[in-house]
Amino acid sequence: MSGLPFIKMHGLGNDFVVLDARTTPIDLSVSQVQAMADRRTGAGCDQFIVMETAQHKDADVFMRIRNADGNEVEACGNATRCIARILMDETGKSDVVVETVVGLLHASAGEKGNVCVNMGPARLNWDEIPTAEECDTLNMPVTVGPLEGPVGVNVGNPHAVYFVDDCETIDLMAAGPHVETHPFFPERINVEVVSKLDGNRLRMRVWERGVGITQACGTGACATLVAAVRRGMIQGRKAEVILDGGPLTIEWLENGEILMTGPASRAFSGSFDPAVYPGQA
């Protein structure tokens, strides 16, 4: 096949188009990313991932992340597991380091094909989320319909976690974009609605900034666990977070760092025909 090769991967249904720019640079416009991410006329994806040569001496690769709307974002937990899986398959190593714009993420091979990623520390201060003004991030003053008093957590990207009695009843398609673009969040925000299940199990649905409703969000699951611990909703600091696409195991370590464990799957590979790309924006 001629054209621009790609790999389609997903983590619990949160899907990615992965391009390899480690040997040949790839510079795509917003409109080109949007075209490739389109589920009718492109390969379709929630996020567009470009693997680049590592900038840090301790990293195996640099991961650049762009949402389906073409804008670059800081972090994506499910994509990190997928990129780590590619590197492990390439090198035979069981431990790799993925570099992002917000730092180095250490990943290791887990049981049954899972990948465990250290997502780094949870950031909890209002100016780290960030919010438009100083506030208590354990109960932020943002109410949209039935959603009120979210917990703010930054896991490389910002999250507003709303706890509700039954997250299945929330019209996330209606509420999600209003929370995402609320003036209280100057950089917009990812939105989680969460219900407590039995034991240390949490049910989470997500509206991703710049994407919409997705099957899974790794950083959202991390933010949910941190928020639940802060609210005293679970015992200890580890839980199973159940997303639309399946479960992730999340642990908030005493040192503040978050471990995320879950699958990383290849779907197919192919190539894009450059002739059908829109012009540079």
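# Briefing: spaces, cysteines and backbone quirks

There's 1 cavity of 30 Å³ or more in this structure. Keep in mind that you're looking at a predicted model. Besides that cavity, the rundown below takes in the largest pocket, at about 170 Å³, a disulfide count of 0, and a cis peptide bond between I129 and P130. Helix α1 and a couple of individual residues round things off.

**The cavity**

- The largest cavity comes in at about 80 Å³ by volume.
- Its lining is made up of Q47, N67, V73, A75, C76, N157, N190, E208, R209, C217 and T219.
- Sorted by class, that lining has 5 polar, 4 nonpolar and 2 charged residues.
- Two of the lining residues, C76 and C217, are cysteines, and C76 turns up again below as the cysteine whose sulfur is closest to that of C82.

**The largest pocket**

- If you want the open space rather than the enclosed one, the largest pocket has a volume of about 170 Å³.
- It has 13 lining residues, and P5, F6, V18, L19 and D20 are the ones closest to the pocket's centre.
- Three elements each put at least two residues into this lining: strand β1 (4-11), strand β2 (14-20) and helix α2 (77-91).
- Which element gives the most to the lining of the largest pocket? That's β1, with 4 residues.
- In terms of chemistry, the pocket lining splits into 9 nonpolar, 3 charged and 1 polar.

**Cysteines, but no disulfides**

- The disulfide count for the structure is 0.
- Why no bond for C82? The closest cysteine sulfur, the one in C76, is 8.1 Å from the sulfur of C82, and that's too far for a bond; the cut-off used here is 2.5 Å.
- C82 is also buried, because its relative accessible area is 1% and anything under 20% counts as buried.
- C116 tells a similar story: its sulfur is 9.8 Å from the closest cysteine sulfur, in C222, so again the two are too far apart for a bond.
- C116 has a relative accessibility of 18%, so it still falls in the buried class, which is set at under 20%.

**Backbone oddities**

- The peptide bond running from I129 to P130 is cis, and its omega is near -5°.
- You'll find P130 in the loop that connects β8 (115-121) and β9 (151-154).
- L12 isn't a glycine, yet it has a positive phi of about 55°.
- L12 sits in the loop between β1 and β2, the two strands that each supply at least two residues to the lining of the largest pocket.
- Is L12 buried or exposed? It's buried, with a relative accessible area of 11%.
- K112 is another non-glycine with a positive phi, also about 55°.
- The loop holding K112 is the one between β7 (103-109) and β8.
- K112 counts as exposed, because its relative accessibility is 85% and the exposed class starts over 50%.

**Helix α1 and its buried side**

- Which residues of helix α1 (residues 30-37) are buried? They are Q32, V33, M36 and A37.
- These four cover an arc of only 130° around the axis, so they end up on the same side of α1.
- What do they pack against? The partners are four strands: β1, β3 (47-52), β4 (61-67) and β17 (265-272).

**Two residues worth a click**

- S271 belongs to strand β17, one of the strands that the buried residues of α1 pack against.
- At 25% relative accessibility, S271 counts as partly exposed.
- S271 and L19 are 252 residues apart in sequence, while their C-alpha atoms are 9.6 Å apart in space. L19 is also among the residues closest to the centre of the largest pocket.
- A221 is part of helix α4 (residues 218-230) and is buried, with a relative accessible area of 0%.
- Setting aside neighbours within four places in sequence, A221 makes contact with M204, V241, L248 and I250.
- From A221 to L124 it's 97 residues in sequence and 15 Å in space, C-alpha to C-alpha.

How values were computed
Residues are numbered from 1 along each chain as its sequence is written. This is a predicted model: local features need pLDDT of at least 70, side-chain atom pairs count only at pLDDT 80 or more; totals for chains, interfaces and linings use all residues. Side-chain values use heavy atoms; hydrogens and water are left out. On a 1 Å grid over the protein atoms alone, a cavity is a set of points where a 1.4 Å probe fits but cannot get out, and a pocket is an open set with protein on both sides within 12 Å along at least five of seven lines; lining residues have an atom within 4 Å of a point. Grid points are joined across faces, edges and corners, and a volume is the space filled by probe spheres set on the points. Ala, Val, Leu, Ile, Met, Phe, Trp, Tyr, Cys and Pro count as nonpolar, Asp, Glu, Lys and Arg as charged, and the others, Gly among them, as polar. Buried means under 20% relative accessible area, exposed over 50%, partly exposed in between (1.4 Å probe, protein chains only). The arc is that of the directions from the helix axis to the C-beta atoms. Contact means heavy atoms within 4.5 Å.
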